[in-house]
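Biologist: Please take me closely through one part of this model, the parallel strands at its core and the helices that pack beside them. I would like the overall setting before the detail, with each term explained where it comes in.

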Amino acid sequence: MSFITTRGGGCVTASQAMLFGLAENGGLYVPAMIPSISLNEIRDMAGTSYIKRASKVLEKYLEDYSENEINTALSVAYRPGVFDDNKIAPLVHTDVDTYVLELFHGPTLAFKDMALQLLPSLTRMAAQKNNTDKKIVYLVATSGDTGKAVLEAFKDTPQTECVVFYPGDGVSRIQELQMITTEGSAAHVIRVEGNFDDAQRGVKQALASQAIQDKAREANIMLSTANSVNAGRLLPQIVYYFSAYADLLDRRAIGLGDAINFVVPTGNFGNILAGYYAKEMGLPVKKLICASNTNHVLSDFFTSGIYSTQRDFIKTLSPSMDILVSSNLERLLFELCNRNAELLCNWMNQLNDRGVYNIGEQRLTAALNTFYGGYADDSRTQAAIKRCFQRHAYLMDPHTAVAYDVLEEYRACTGDTTPSVILSTASPYKFSGAVLSALTGHEPQNEFVSANELAKYTGMVVPESVKGLADKPILHTRVCRKDAIINTVQSFIVL
Ligand SMILES: *Cc1c(COP(=O)(O)O)cnc(C)c1O
């Protein structure tokens, strides 16, 4: 399978798409054709391991990797001990027709580990295939969870450095501590005086800057991104949609071919986009329910066909979804306009220049065959955490709770009783203060005190990786203005 870009041209191999991250024309790499998977192949996934399921899905995309290479990469990424559940992505039944797909069992307690743990092996193989001995410098903008997941995934990878920009007025204290206590000379963590959109814009500008790219070439450095615009992030995420379906078959909760819904707490549109690819491949999916917080650009888009960032950026209890420019939506739009790169470029230019574009009635109707958009503000998020815990003794983090609330609203509006899988994107302990205060109504306090309280309250244990953070020294204190990201990047390109 070769890869092309959403802004026209640029036919590259899968390994090249992974190495480059973002195309030079600013476009995103997408498979030249979305491969299909048969119901028989899906049936065969039931009763097998996560690694086997992943291998089946990924071999359809990673054409220039051998089966052996894919299996090697998978068995490193998902080896025992990395994820604290041997199912990797366990499916929990909470209610008659409701399931939670837990994607937070990796080392950094958020779903970003699912793809990022795999990226280093695939990238090292990609470098070999393309005969490059260049050092790779990853530029990362994080809304909270990507940063640590990248640092953790690449911590022992030679010839690789990671430069992470996180929004100073964004992330939770646990998220921040996870990043700024990272050891190793290849890890660089910088606090941006701004929000996630500022950080993402700065990183994209740096990658698109000819001057920076020239300087990198001279220094024998390849600049790339480990953000979800990298196809290497997208592909491993497709796997768990199939895995959830296979688990439902295993339990005889559904029959082969029955359609199900997925509900996804969404920010940059990477996670839910993987669900769209799964559906296009042939996974029986009725609706992909896109759940947003108060920054509900996406649910407005799915209501009106108009994408508009002309609004205030609002800090919420689900910081990893505090995003106004959802980069991966570009990949969905590419499909919605029948891969018309010229039309897509127009929309993206309008977004850049005026902060708004309109895809029109017809394309919106086509999108709504698959998607439903809804949102929950902070008070509904808190109520959902409490309601779900009281009813089902199941504790959710604020991001997952947004999805839970939107699913209930969707069911009330549509009467749809299709079995639905909520993607749980983070451990509740990563947001202990917010979760505890949703349960008790008390003001949030110190995160570590809250984590202990939460454990007492629920009879569970605090994950070791949260506990350990309290005593780790802070190693990264660099701050940068939002308009100085390019200069900061330059300082990391040295001979
Ligand atoms: C990144 C993240 C999201 C949003 O995922 P996208 O792929 O950006 O839509 C939601 N919840 C959590 C906890 C996250 O870390």
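Modeller: Helices (H or I, at least four residues) and strands (E, at least two) are DSSP runs, and both are numbered from the N terminus. The model is predicted, so local features are given only where pLDDT is at least 70 and side-chain atom pairs only at pLDDT 80 or more, while totals for chains, interfaces and linings use all residues. Residues are numbered from 1 along each chain as its sequence is written, and side-chain values use heavy atoms, with hydrogens and water left out.

The secondary structure of the protein amounts to 22 helices and 15 strands. Its radius of gyration is 21 Å, close to the 23 Å that the globule rule gives for 495 residues, so the protein is as compact as a globular protein of that length; the radius is taken over C-alpha atoms, and the rule is 2.2 Å times the number of residues to the power 0.38. The C-alpha trace spans about 60 × 50 × 45 Å along the principal axes. Of the 495 residues, 61% are buried, where buried means under 20% relative accessible area, exposed means over 50%, and partly exposed lies in between (1.4 Å probe, protein chains only). Among contacts with a separation of 6 or more, 74% join residues 24 or more positions apart, a contact being heavy atoms within 4.5 Å.

Strand S9, residues 260-265, is where I would begin. Six of its six residues are buried, so S9 is largely enclosed by the rest of the structure. In a regular strand the side chains alternate between the two faces of the sheet. In S9 both faces are covered, with Ile260, Phe262 and Val264 buried on one side and Asn261, Val263 and Pro265 buried on the other. S9 runs parallel to S10, and five bridges join the two; strands are said to pair if DSSP finds at least two bridges between them.

Isoleucine 260, which belongs to S9, is buried with a relative accessible area of 0%, and it stands opposite valine 285 in S10. Beyond its neighbours within four places in sequence, the contacts of isoleucine 260 include Val285, Lys286 and Lys287, together with Tyr245, Leu248 and Ile254 and, further along the chain, Thr418, Pro419 and Val421. As a measure of distance across the model, isoleucine 260 lies 37 Å from asparagine 452, C-alpha to C-alpha, with their positions 192 residues apart in sequence.

S10, residues 285-292, also pairs with S13, again in the parallel sense and over five bridges. One of the residues bridged to S13 is alanine 291, whose partner there is glycine 374. Four of the five residues of S13 (residues 371-375) are buried, so this strand too is largely enclosed by the rest of the structure. Serine 292 lies in S10 and, at 2% relative accessibility, counts as buried. Setting aside neighbours within four places in sequence, serine 292 touches Gly374, Tyr375 and Ala376, and its other contacts include Thr266, Leu298, Ser299 and Val402. Serine 292 and alanine 32 are 260 residues apart in sequence and 30 Å apart in space, C-alpha to C-alpha.

Two of those contacts of serine 292, Leu298 and Ser299, are also among the buried residues of helix H13 (residues 297-304), which are Val297, Leu298, Ser299, Phe301 and Phe302. An α-helix has 3.6 residues a turn, so residues three or four places apart point the same way. The cover over the buried residues of H13 includes S10 and S13, strand S11 (306-308), strand S12 (356-358), and helices H14 (329-336) and H16 (361-370). Just after H13, glycine 305 takes a positive phi of about 80 degrees.

Helix H14, one of the elements covering H13, has eight of its eight residues buried, so H14 is itself largely enclosed by the rest of the structure. The buried residues of H14 include the charged or hydrophobic names Leu329, Glu330, Arg331 and Phe334. Just after H14, asparagine 338 has a positive phi of about 55 degrees.
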